[in-house]
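Here are some notes on the pockets and the surface of this model, set out point by point for a colleague who has the coordinates open.

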Amino acid sequence: SMKTILDFIIAQQKPDGTLDFGNLASPPDTAFIIEPICAAGNILKGNTLCQEISLLIKKIIEKSGDGLAVGGLHTPNHRWVVSAALAKINHLYPHPKYTKRISEWLSEGVYCDKDGVYLERSMTYAEVIDRSLITIATYTNRPELLKMVERNLHWVFECMEPNGELVTFASRRQDAFIQKNILLFYPQYRFMANYGNDGFMGGVAAFIENMPGFEPTISKDLLYLFLEDNVLAKNYPKNPLPTDFQKFYEGINLVRGRKNQETFSLFGGAD
């Protein structure tokens, strides 16, 4: 089954290593596919029963790496998606061109305001950026990036309704006013809980574990994540979560408040 999938991907790769997925011959869309393939490469490393599979994985990854190391992107968050994929590629098959490209993208700066809000103000892309920055920080030894992830995850929690739904009307992207759920942030909260021995992050992770939909939505993806990243697999601290707060996010003109099971939002407009 793995060989069938990998043969198909090889057949779909463009001469520059990119793939058509959402956008044509797109480096960031390719990066979204390559990152889990790199996870497979990491997990199967040294497995003598899967040598043929590992060679196919290497063929795909190195060819894609050529395109990701020079190609462009469409939106701000794509810089970090591409950099995360390059960080994983470099971990498997080190080459200066990968780390050079990561440094070039990072030199532009990650826009994250003092309240932890990223440029796109989108829950969809906050999940993507947090995941990407964790990967870059882990694989390229840049722990300073995790400070932004920490701030953002506090903002995400404060924008959460008691049932786990997230306020999305401040988004500058296609998910404005669309129902989103904190479920998808589970690996990020769990990683940060373990990495920083952070009881708040662990409290949110524990909350998510007990939400309806956790098993079908999240647990199916956790096995490969746990096999690839031993930080995720550890037990983590858990503190009670705050249920009484009021906060003004000056950069986006948003006020969020909560008292037990009641919440309110005041928003000053898209820009």
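How much space lies in the largest pocket?

1. In this predicted model, the largest pocket holds about 760 Å³ of space. Its lining comprises 31 residues, of which Glu 127, Arg 131, Pro 187, Tyr 224 and Leu 225 are the closest to the centre.

2. At least two lining residues of the largest pocket come from each of helix 2, helix 6 (123–140), strand 4 (180–181), helix 8 (186–195) and helix 10, and helix 6 contributes the most, with ten residues. By character, this lining is made up of 16 nonpolar, eight charged and seven polar residues.

3. The second largest pocket, with a volume of about 210 Å³, has a lining that divides into eleven nonpolar residues, with no polar and no charged ones. Among the residues that line the second largest pocket are Met 2, Ile 9, Ile 33, Pro 36, Leu 44 and Ile 57. Helix 1 (2–12), helix 2 and helix 3 (51–68) each provide at least two of the lining residues, and helix 2 gives the most, with five.

4. On the surface, Ile 43, Leu 223, Tyr 224 and Leu 227 make a nonpolar patch of about 390 Å². Helix 10 (residues 214–228) accounts for the largest share of this patch, three residues, while Ile 43 belongs to helix 2 (residues 27–44).

5. Why can Ile 43 count towards a patch? Patches are made of residues with over 30% relative accessible area, and Ile 43 is partly exposed because its relative accessible area is 32%.

Terms used: Residues are numbered from 1 along each chain as its sequence is written. This is a predicted model: local features need pLDDT of at least 70, side-chain atom pairs count only at pLDDT 80 or more; totals for chains, interfaces and linings use all residues. Side-chain values use heavy atoms; hydrogens and water are left out. Patches are made of residues with over 30% relative accessible area and no salt bridge: like charges are joined within 9 Å, nonpolar side chains (Val, Leu, Ile, Met, Phe, Trp, Tyr) within 5 Å. Accessible areas come from the Shrake-Rupley method with a 1.4 Å probe; for residues, only the protein chains shown count as cover. A salt bridge is a side-chain nitrogen of Lys or Arg within 4 Å of a carboxyl oxygen of Asp or Glu. Helices (H or I, at least four residues) and strands (E, at least two) are DSSP runs, numbered from the N terminus. Buried means under 20% relative accessible area, exposed over 50%, partly exposed in between (1.4 Å probe, protein chains only). On a 1 Å grid over the protein atoms alone, a cavity is a set of points where a 1.4 Å probe fits but cannot get out, and a pocket is an open set with protein on both sides within 12 Å along at least five of seven lines; lining residues have an atom within 4 Å of a point. Grid points are joined across faces, edges and corners, and a volume is the space filled by probe spheres set on the points. Ala, Val, Leu, Ile, Met, Phe, Trp, Tyr, Cys and Pro count as nonpolar, Asp, Glu, Lys and Arg as charged, and the others, Gly among them, as polar.
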